[in-house]
Amino acid sequence: MTGDRRPGQAGGLAPTETAFTLLVTSVLDYGIFMLDPEGHVSSWNAGAERIKGFRAADIIGKHFSVFYPPEDIAARKPHIELETAIADGRLEDEGWRIRKDGSRFWANVVITPLFDETGELRGFGKVTRDMTERRAAEQELTERRRLFTHLVQAQELERRRIAWDVHDDSIQAMVAVGMRLQLLADQAGEPYAHELSLLDATVREAVGRLRNLTFRLQPPGIDRHGLVEALSQHLNDVVAGSWGLEPSLEHDLEKEPAPETAITIFRIVQEALLNVRKHARARSVRVSVTTKNHGLQVEVADDGIGNAAAAPRSQEHFGLMEMRERAETAGGWWTLRAEPGTGTTVEFWVPALQTGELDEPLPGTPVGSFGSLTAPEGPS
C-alpha cells in the first residue's frame, strides 16, 4: 500500500536505490549506460550525453559500435571487447571514440558483464571518461622532455667543441708563444730580458685560465661513472684541491638519474660552487642531493658572509640566470636564500626522467672520500 511507503521512496524503490539511480543518471563527468546482451544501448545518463553528444532518444536501441572509429569497426573491436569482458569478467581500454558530430575524443572505457542469479547474461554496464585533455597534457609533457633532452645534448656537444677548439688551437698557440718568449729572454740582454719574462708569465697565466675553462666545459665522469662520482670528483679536485674549501656531499640516491638530468644538476651545482668561490668568503660548502616528489632536490649551502656577496644585488646576474633557466627548462624550479652572517643556500628541484637501474644501490659518500680526477693547475 502506498500509505506504507517510507519518506524518500519512489515507485517502490528503497531510498538507497533511489539515491543511487539519481546519482548514476545525473553525474556529468562519467558516461554511464547499459547495453543489452547484443550490445545495444538500453540506458543513458547525463554524463554520456555531455561526453558523446547523443540524447537518450537518439541513441537508445542503437548498437554501441556507433561510438567507435571506422578502423575499429573494421577490426571488430566492439564485438571483441564484449567477448573479452565476458571471458575475463571486466574489460578496460583506452582509445579513440566518436561523438555524435563525428569528432574524436580519447576515452577510458570500462565494460562489465551483468549476470542474473541464474548465471544468465543480462547485459553490460559501460563507463566512459573523456581523457582528451589529460592525453594532450601527457603528450605535451613528453614533447617538452624530448626537447629538453635534445637541448641538453646540443649544449654539451657545443661545450665539447669549444673545449676542443680552445685546447687544440688557442692553448697550443699560446704555449708556442710562451716558448718563443722564453727563448728570446734567454738571448736578450737587460732591460729586455726582464720585460720578456713578465710577458712569458702573463702568457702562462692565460694558458692556465684557458685550461681551467676547458676543464669546466666538460663534466668529469658523468658519462662513465654517473652524477654522484662526478660531483665527488669536482668537490675533491676543484673545490678542495684548487680552491682550498672544505666540501661535503650527501645523497640518498639508489639509482642514477637519466644523463640529461644528471648533466643539468651538475651544471647548476658547478655554477653555484663557482659563485661560492668568487663571492662568499666561505670556509666550507655542503652539497646534498635528495630524491623528492618524483624528482631530485639539490642544495648547495656555504658558511660565508651571505647576502652582500654570494647573492649579487642584481637578480639578472648571468650566473643566477643560467642556474634558474637550466632548472626551469628541465621542468623544475630554482631559488636562492641568503642572510648576512649565515651563508647562502642555492636550492633547486628537477623532475626525474626515465632512469637507468644500477646493479647495486649507490653507496653513501663520506666527506673527503671523493674521486681521483685531477683538475688543472693555475687560477680560474
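The exercises below concern helices, loop residues and one strand residue in a predicted model.

**Exercise 1. Packing of helix 10 and helix 12**

Describe how helix 10 and helix 12 pack, and state which residues meet.

Solution.
- Step 1. Two packed helices are described by the angle between their axes and the distance between the axes.
- Step 2. Helix 10 covers residues 259-280 and helix 12 covers residues 318-329; the angle at which they pack is about 160°, and their axes are 10 Å apart.
- Step 3. Angles over 145 degrees count as roughly antiparallel. Helix 10 and helix 12 are therefore roughly antiparallel to each other.
- Step 4. The two helices, 10 and 12, make a left-handed crossing.
- Step 5. From helix 10, the residues in contact are T264, R267, I268, E271, A272 and N275; from helix 12 they are G319, L320, E322, M323, R326 and A327.
- Step 6. Sorted by class, this contact of helix 10 with helix 12 holds five nonpolar, three polar and four charged residues.

**Exercise 2. Length and burial of helix 9**

Compare the span of helix 9 with the expected one, and decide whether the helix is mostly covered or uncovered.

Solution.
- Step 1. Helix 9 runs over residues 227-240, which gives 14 residues.
- Step 2. From its first C-alpha to its last, helix 9 reaches 18 Å, close to the 20 Å expected at 1.5 Å a residue.
- Step 3. Residues count as buried under 20% relative accessible area. In helix 9, eleven of the 14 residues are buried, and the helix is mostly covered.
- Step 4. The buried residues of helix 9 include L227, L231, H234, D237 and V238.

**Exercise 3. Two residues with positive phi**

Locate R281 and N293, and state whether R281 and N293 are buried or exposed.

Solution.
- Step 1. R281 is not a glycine, yet has a positive phi of about 55°. The loop between helix 10 and strand 6 (284-292) contains R281.
- Step 2. The relative accessibility of R281 is 70%, so R281 counts as exposed.
- Step 3. N293, also not a glycine, has a positive phi of about 55°. N293 sits in the loop between strand 6 and strand 7 (295-302).
- Step 4. With 57% relative accessibility, N293 counts as exposed.

**Exercise 4. Surroundings of G125**

Find the strand that holds G125 and list the residues that G125 touches.

Solution.
- Step 1. G125 belongs to strand 4, residues 121-130.
- Step 2. Its relative accessibility is 17%, so G125 counts as buried.
- Step 3. Leaving out residues up to four places away in sequence, G125 touches F33, V110, I111, T112 and L114.
- Step 4. I111 is 14 residues from G125 in sequence, with 5.8 Å between the two C-alpha atoms.

Note on methods: Residues are numbered from 1 along each chain as its sequence is written. This is a predicted model: local features need pLDDT of at least 70, side-chain atom pairs count only at pLDDT 80 or more; totals for chains, interfaces and linings use all residues. Side-chain values use heavy atoms; hydrogens and water are left out. Axes are lines fitted to C-alpha atoms, for helices over the stretch in contact, and angles run from 0 to 180 degrees between N-to-C directions. Helices (H or I, at least four residues) and strands (E, at least two) are DSSP runs, numbered from the N terminus. Angles under 35 degrees count as roughly parallel, over 145 as roughly antiparallel, 65 to 115 as roughly perpendicular and the rest as oblique. A crossing is left-handed if the near helix is turned anticlockwise from the far one by less than a right angle, and right-handed if clockwise. Contact means heavy atoms within 4.5 Å. Ala, Val, Leu, Ile, Met, Phe, Trp, Tyr, Cys and Pro count as nonpolar, Asp, Glu, Lys and Arg as charged, and the others, Gly among them, as polar. The expected span of a helix is 1.5 Å times one less than its number of residues. Buried means under 20% relative accessible area, exposed over 50%, partly exposed in between (1.4 Å probe, protein chains only).
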